[in-house]
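Q: Could you take a close look with me at one strand and its surroundings? I'd like to go through it step by step.

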Amino acid sequence: MNIHEYQAKQVFAKYGVPTPRGIIANTPDEAVANAKELGGNIWVVKAQIHAGGRGLGGGVKLAKSLEEVKELAQEILGMTLVTHQTGPEGKLVQKVYIEEGADIKDELYLSVVLDRAAEMPIIMASTEGGMDIETVAEETPEKIIKIAIDPAFGFQGYHGRELVFGLGITDKAEQKKMIQFAQKLYTLYMENDAEMIEINPLIKTGAGDFIALDGKMGFDDSALGRHPDIEAMRDITEEDPDEREASQYGLSYIALDGEIGCMVNGAGLAMGTMDTINYMGGTPANFLDVGGTANAETVAKGFEIILKNPNVKAIFVNIFGGIVRCDRIANGILEATKMVDVNVPVIVRLDGTNAPEAAEILKNANIDNVIAATDLGDGAAKAVAAAKGEK
Amino acid sequence: MSILVNKDTKVIVQGFTGGEGTFHAEQCMAYGTDIVGGVTPGKGGQTHLGKPVFNTVKEAVAATGATVSMVFVPPAFVGDAVMEAASAGIELAVIITEGAPVRDMQAAKACATKNGMMTIGPNCPGVITADECKIGIMPGAIFKKGNVGLISKSGTLTYEGANQVVNEGYGITTAVGIGGDPIIGLSYKQLLQMFQDDPETEAIVMIGEIGGDLEIQAAKFIQENVTKPVVAFIAGQSAPPGKRMGHAGAIISGSAGTAKEKMDALSAVGVEVVVSPAEIGKAVKKVLS
């Protein structure tokens with residue numbers, strides 16, 4: 001689960017990680033009131049969406065008067081912001097964060113993520129703040145410092161020294177501030193089961209203070225149960241409504257732009273099915289994993305969600321029944337065709353436990369648009385042909 | 001021969017008396033697995049499925065001589081359960097549970113390593129040595145004995161792959177589902193080495209997915225250490241690039257983890273890479289004939 005910048009900064013503040021002062025606004029009037037409350041004569045109006053690259057997309061702007069705060073808030077609120085992380089459809093901006101202006105001397109990059117190979121969290125830092133870190137990694141990888149921290153022993157002095165010397169920070173007082181900053185960030189990463197924290201840029205002010213000018217945080221979904229305060233920050237409007245509806249039924253759904261709807265058990269086989277469809281000259285309309293406990297209701301729900309997509313010309317049901325018995329799935333499909341109006345050809349491949357019985361059930365039901373397939377390759381070929389209008 | 005487990009392996013079940021634990025323990029016993037007991041704190045002294053229940057893993061190991069534990073405890077308690085197994089002298093923990101917090105698995109894996117315990121999973125179908133020992137949730141009937149070793153991140157693709165191998169007239173020595181979580185136990189490298197060393201295994205099927213760089217590491221390992229033929233499939237060639245908040249995860253490994261990158265790396269070291277999982281069986285036939 002991801003949270004907004006303003007929420008990440010609330011978490012930072014709780015741990016004493018310095019951030020600029022700011023207040024969240026839902027309307028232009030609130031934005032002005034917030035700017036007044038913050039005081040000063042320069043503010044930043046920042047679109048709050050779950051994606052990076054907001055500045056380049058026109059979602060972060062500087063205001064030098066209260067009138068300008070209002071104008072910019074009016075402009076940004078309600079806009080569909082497109083960045084390199086939103087996809088071409090962009091994201092609707094529903095909140096703006098009004099922040100005090102900052103005195104920027106240097107821009108740095110700092111993040112904490114899990115290093116899967118080292119099997120421990122890693123602090124990544126770079127002097128190239130404010131830039132796209134992927135570009136930095138590609139063009140000047142030597143400018144990225146990586147420091148792995150073993151949670152069994154925690155953040156040690158040498159971690160801090162590697163960080164500040166690596167960043168070229170020579171002033172003693174500044175070194176101390178930076179080390180404390182990183183240590184607090186590591187602590188909050190661990191204590192909140194974060195998946196990643198990214199601060200880009202982390203600025204050094206003219207006075208030599210380090211401040212998180214931006215903040216992104218993602219959390220381990222499996223651990224949210226023990227962090228009700230974090231879970232309360234969930235913004236469901238940032239999630240795809242179809243994906244969300246599917247997840248309520250234990251289905252994992254991602255819409256794509258092809259023509260063949262897919263219903264598969266297991267994420268790996270679901271991806272493998274999409275790959276096979278592509279390989280045979282078709283295009284998948286979605287990824288849909290019905291999970292290990294598919295029944296009539298989940299199968300019906302799956303059909304319903306797939307058929308919401310008007311591009312779907314055929315559906316390929318590919319189930320390898322392990323513990324789930326195929327005859328039950330076959331009955332589920334029959335039930336589902338009664339519950340949902342399935343108006344496209346459905347190619348069904350059921351393999352594994354009780355597959356012969358399942359084939360018998362589908363054959364006896366004799367439904368016009370249900371086509372049986374013998375294996376994955378056969379099913380994909382039939383689905384591709386059906387989507388092209390061939391029999 | 002086979003790897004990791006065989007008909008003599010003594011297995012306990014952590015989370016023995018729960019719904020999942022009970023159902024799958026029964027299935028495993030029906031397959032022939034020597035389940036010698038189980039652990040459910042507070043239910044020690046009872047008998048379940050005709051086997052003794054213990055309060056702690058330590059007691060279970062002392063009384064039964066078990067060396068392998070199949071872990072079915074709920075996600076929030078998996079880390080604790082794995083560490084308990086490690087400290088009790090279990091040699092291999094097969095962690096089936098889905099949804100364990102990553103931080104817990106990080107600690108559990110570190111503890112297991114320190115105690116010399118191997119782990120498989122979490123969030124995996126388990127391990128099966130055909131016709132001898134099934135520790136997990138896979139449909140046993142499709143795994144017929146033969147000379148192909150199988151390693152897979154995905155559960156249902158494990159079944160798909162094994163089924164095709166069997167349908168081509170071959171069979172399986174041992175199949176291992178390693179799981180796709182951020183922190184996993186045994187991975188391609190260790191298992192490739194075990195299959196390389198197993199005289200009965202003549203070919204290896206490895207099934208991977210997009211994300212991370214384990215398959216890239218496996219390719220390097222194969223080049224240096226594996227002389228047996230390897231067939232590989234990487235799921236997710238057609239997956240769209242994820243809409244993520246940050247990309248820090250991909251930067252660490254220095255690899256974007258795309259299917260193409262992995263397929264190219266494996267092809268380059270002589271692995272028979274298939275573009276569709278429907279081709280796995282045929283590819284095995286090709287490398288073995």
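Let's start here: which residue stands opposite B:Val71 in β6(B)?

A: Happy to help! Please keep in mind that this is a predicted model. The residue opposite B:Val71 is B:Ile95, which lies in β6(B). That pair belongs to a wider match: β5 of chain B (residues 68-71) and β6 of chain B (residues 92-95) are joined by four bridges and pair in the parallel sense. To get from β5(B) to β6(B), follow the chain through helix α3 of chain B, residues 78-87. This β-α-β crossover is right-handed.

Now look at another partner of β5(B). Strand β1 of chain B, residues 10-14, also runs parallel to β5(B), and four bridges join the two. Within this pairing, B:Ile12 has B:Ser69 as its bridge partner.

Next, turn to the faces of β5(B). Both are covered. B:Val68 and B:Met70 are buried on one side, while B:Ser69 and B:Val71 are buried on the other. So what have we learned about the two residues we met in the pairings? B:Ser69, the partner of B:Ile12, and B:Val71, which stands opposite B:Ile95, are both buried, and they share one side of the strand.

For another example of parallel pairing in chain B, find β10 (residues 145-152) and β12 (residues 203-209), which are joined by five bridges. There, B:Gly149 stands opposite B:Ile204 of β12(B). Both strands sit in an open sheet of seven strands with mixed pairing, ordered β9-β8-β11-β10-β12-β13-β14.

Technical notes. Residues numbered from 1 in each chain as written. Chains lettered and ligands numbered in written order. Predicted model: local features only at pLDDT ≥ 70, side-chain atom pairs only at ≥ 80, totals over all residues. Pairing = 2+ DSSP bridges. Buried ≥ 20, exposed ≤ 12 C-beta atoms within 10 Å, placed from the backbone. Right-handed = clockwise from strand over helix to strand, strands pointing away.
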